[in-house]
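Trainee: Could you walk me through how to read a two-chain model, one feature at a time?

Mentor: Happily! Let us bring it up on the screen and begin.

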Amino acid sequence: MHWETIHKDTAPVVPPRLSDYEGARSAFTWSQARGALAGLPGGGLNMAHEAVDRHAALDHGEKVALSCVARDDSVSTVTYAELARRTARFANVLRSLGVGRGDRVFTLLGRCPELYTTVLGTLKNTSVLCPLFSAFGPDPVEQRLRLGDAQVLVTTAALYRRKVAERRTSVPGLKHVLIVGPGAEGLPDTASFDDLMSAAPDTFTIPPTSPEDMALLHFTSGTTGTPKGAVHVHEAVVAHHATAASALDLRPEDVYWCTADPGWVTGMSYGIIAPLVHGVTLVVDEGDYDARRWYRILGEQRVTVWYTAPTALRMLMRATPREGPYDLPRAFDLSALRFVASVGEPLNPEAVVWGRDVLGLPVHDNWWQTETGCIMIANFAACDIRPGSMGRPLPGVDATVLERGEDGRARVVDGKVTEVESPGVEGELALRTGWPSMFRGYLHDKERYDAAFADGWYLTGDLVRRDGDGWYWFVGRADDVIKSAGHLIGPFEVESALMEHPAVAEAGVIGRPDPVAGNVVKAFVSLRPGVDPTPDLERELLAFGRRKLGPAVAPREIAFDQKLPKTRSGKVMRRVLRARELGLPTGDLSTLEGSE
Amino acid sequence: MNPSDALDMVRESISAVVPDADLASLGPDDAFREALEMDSLDFLSFVEVLAERSGVRIEDEDTSRLTTLSASADFLVARTR
């Protein structure tokens, strides 16, 4: 089906910050973008100074930084000045615990005010913050704590008891567990976050910070092996700031709501850092998705810029279809809303148009990854939208499409790649290296980091095509990584967990297309001799997966298959499983696999 | 539907989505979505299973009532009266 281009108002009430795309691209330099930030008083660059202290020091310290909506719908606010004091206290807490520069502080928290205190206080102390997703099960949590050399974990009593307590001895480097809210007294080897905070002074001088000092660690999943810890440095804030202006049209007077969980990179780069650097008021919703709740928050909080995800939009589309009735959205005053953007997986054209008709604004899809640290390709406020396209590269971003080799990835011959010149031809999306928020390494894994680059390009692993006018269109992944509800899931991690069950001989895990989540995790399982494939066993394996991996990663569907397709070397061929699932021919795909 | 059947159906529908749900330790007035770590996709599946098994049409407007076992059972009883 062909979707017509959505044209923009030529004279909008609020002129977009990026009004002339080509002009902005040719005029942009990263050094100019760097100049838009304050920098530390004594030189250097620190994310938390840009996000908090700078505002508190100016005359807008009393401006609301966080507008927190609790589960019970009550609203509390935190000003920039108060956030500066709280983050200073937390930095002092870390210092008093002997946690210093480069030491890793992990969070396993929902969207509570303490999350913001922890993240920004850690950055002030020049320690490194690594957020975990609270819907991870004990396995992914333990693995990331170990791989990331966690010294401090900030979490709640319930999450600690459920996901960490039993595994504590497996993470010997974890010295301090700080419990937010009640319950620390009943848990051995933990301390109360509140007690430590109230004993700490509320002023703190940020130590000298180099733009290249490590600031954030984000785990992401690959096709094989353990999760990869993508390292980001303080200089990334330059890109957070510049791209939030160009791709999200963010400005200081905005009320901004990012629905992404803080356990993922979007929830960090655009859920905490970028908006605070712009000095906006940030809406923080502690509750779960619910259509009425979300419309109410958009209306009552007078949200002007909204950054959400395709899965959430598709759930809203089910609740309030484009055909109407419009009772629910119209029950709230959405007139403050100016810009809506989406990220996490390709946004289907229906969702773009749904936004126009139901919210009164089309949804602007954009594209980036954990490794890129900031938005790289986007649909812009001032520009036409081609529904289904991820848009065009941002100012400062040089993107291309590379010809692929036999393994499906960009073909590299003698260190050289080949760019696709003709429009509409599929290839691997690649980005010219050197933007400020580019990841600086996979922690403890130089080999995998080096393999992500060729000929001066970062190879994204995403397949795209570029049309004749320069708009990019997502095609799929070049590898077996699964995108479910906007999150990357490594099939290997799921397969390894399932194979720990005594009934399972082998497992192959793929993404099965799903109208809401994009893909859901489906596992094909072969059983050990003498074990029967019964409905009870199916339920047991689903339960086993959830207990170990948590709802974010666990398979939602199990199929028994005693003849899993394998390569000559004995590896389960996920591509063939995927082709079978989709009813596609498997023959030509299997030759690809045979080259492994 | 009588209250006891309704409660059974709610429990079964949760189990269908969250096979490891510890329903024994879940109180009738506990917020089960949080207690059982159901994410939004789980909850959506739960609503679909419950609608299919009970034959009750569940609008999005209704889902905010499906927070606890007893509230969900009450909802089914009221809708099948």
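**Reading chain B and its partner**

Mentor: Let us begin with charge. Chain B carries 18 negative side chains and 7 positive ones, and the centres of these two sets are 8 Å apart. Keep in mind that this is a predicted model.

Trainee: Which secondary-structure elements does chain B have, and in what pattern along the sequence?

Mentor: Count the elements, then read their order. Chain B has five helices and zero strands, giving the pattern α-α-α-α-α along the sequence. The radius of gyration of chain B is 11 Å, close to the 12 Å from the globule rule for 81 residues, so chain B is as compact as a globular protein of that length.

Trainee: What does the C-alpha trace of chain B span along its principal axes?

Mentor: About 30 × 25 × 20 Å. For the surface, look at the accessible area: chain B exposes about 3,900 Å², with 46% of that belonging to carbon and sulfur atoms. Of the 81 residues in chain B, 48% are buried.

Trainee: And what share of the contacts in chain B joins residues at least 24 apart?

Mentor: Here one sets aside pairs that are close in sequence. Among contacts between residues at least 6 apart, 56% join residues at least 24 apart in chain B.

Trainee: Now the interface. How many residues does each chain bring to the contact?

Mentor: Read an interface by its residues and by its area. Chain A contributes 25 residues and chain B contributes 22. Together the two chains bury about 1,800 Å², 47% of it on carbon and sulfur atoms. On the chain A side, A:R539, A:R546 and A:R556 supply 27% of the area buried against chain B, more than any other three residues.

Trainee: Let me try a single residue. Is A:K163 buried or exposed?

Mentor: Compare its relative accessible area with the cut-off: buried means under 20%. A:K163 has a value of 3%, so it is buried. A:K163 sits in helix α7 (residues 157-163) of chain A. Beyond its sequence neighbours within four places, A:K163 contacts several residues of chain A, including A:L108, A:F136 and A:V141, and also B:E37 of chain B.

Trainee: Where is A:P533 placed?

Mentor: Name the flanking elements. A:P533 lies in the loop between β26 (518-527) and α17 (535-549) of chain A. Leaving out residues up to four places away in sequence, A:P533 touches A:L527 and A:F560. You can also check distance: the C-alpha atoms of A:P533 and A:A36 are 62 Å apart, with these positions 497 residues apart along the chain.

Key: Residues are numbered from 1 along each chain as its sequence is written. Chains are lettered from A and ligands numbered from 1 in the order in which they are written. This is a predicted model: local features need pLDDT of at least 70, side-chain atom pairs count only at pLDDT 80 or more; totals for chains, interfaces and linings use all residues. Side-chain values use heavy atoms; hydrogens and water are left out. Helices (H or I, at least four residues) and strands (E, at least two) are DSSP runs, numbered from the N terminus. The radius of gyration is taken over C-alpha atoms; the globule rule is 2.2 Å times the number of residues to the power 0.38. Buried means under 20% relative accessible area, exposed over 50%, partly exposed in between (1.4 Å probe, protein chains only). Contact means heavy atoms within 4.5 Å. Accessible areas come from the Shrake-Rupley method with a 1.4 Å probe; for residues, only the protein chains shown count as cover. Lys and Arg count as positive and Asp and Glu as negative; His and the chain ends are not counted. The place of a charge is taken as NZ of Lys, CZ of Arg, CG of Asp or CD of Glu. Buried area is the accessible area (1.4 Å probe) that two parts lose on being put together, summed over both.
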